[in-house]
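The following note was prepared for a colleague reviewing the model. Please read it alongside the sequence and coordinates.

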Amino acid sequence: MNIICFGDSITRGYDVKAGLGWVELCSAALPTYHIENHGIDGLSVQGLLNYIEAWGIDKDYKDNRYLCIMCGTNDILQNRDSDYVYNKLIKVITIASQKGQIIIGLEPQIDSEMDGLNHVVVDVNKRLLSYAAENNMKTIDFYRVLHEADQIGQIVFAGEVHPNERGYRLMAYKALETFTRL
């Protein structure tokens, strides 16, 4: 099983020690899987589109290759609206789907409703869930798992955007629910 995770700093595991991001935790939990982390700090959805195009240039489609796509927070923090973020992500997903099966990761909340931008995350995630259902794609609801933990008073963020060790651990558990059913 090959799982390749693409995204921004949340995919990369920003703000925790190496090996404690959600992708690395999943890799450690599933030693028979080949899991790669292609998370890039500060990545925008346009940057992800460019990266996916370059990454896939010499790759054929493989049934046992899953591409996990999660990005958008940096664009939202730059005041790009949900239409922009969603439409760019659909382009990314369309291109990536030519190289393997898609798993859509739903972006976590922006903690404490920083600058009133969390509603954009919610809208993009809602639209991605609908798209995934219409196109028979798997999703990982990172938003819900961190939001629910936050609502019961667990500290799951290191700052306004990046999870802390507990947050990444919760994300890994959520991802593993999907990864182990592939």
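The points below concern one helix and two loop residues.

1. This is a predicted model, in which local features need pLDDT of at least 70, side-chain atom pairs count only at pLDDT 80 or more, and totals for chains, interfaces and linings use all residues. Residues are numbered from 1 along each chain as its sequence is written, and side-chain values use heavy atoms, with hydrogens and water left out.

2. Helix H6 comprises 17 residues, 118-134. Helices (H or I, at least four residues) and strands (E, at least two) are DSSP runs, numbered from the N terminus. At 1.5 Å times one less than the number of residues, H6 should span 24 Å, which agrees with the 25 Å between its end C-alpha atoms.

3. The buried residues of H6 (under 20% relative accessible area, 1.4 Å probe, protein chains only) are Asn-118, Val-120, Val-121, Val-124, Asn-125, Leu-128, Tyr-131 and Ala-132. They lie on the same side of H6 because they cover an arc of only 145 degrees around the axis, taken from the directions from the helix axis to the C-beta atoms.

4. The face turned away from that buried side carries the exposed (over 50%) residues His-119, Lys-126, Ala-133 and Glu-134. The cover over the buried residues of H6 includes helices H4, H5 and H7 and strands S4 and S5.

5. Asn-136, in the loop between H6 and S5, has a positive phi near 55 degrees without being a glycine. Asn-136 is exposed, at 76% relative accessible area.

6. Asp-15, in the loop between H1 and H2, is also not a glycine, yet has a positive phi of about 85 degrees. Asp-15 is partly exposed (between the two cut-offs), at 45%.

Conventions
Contact means heavy atoms within 4.5 Å.
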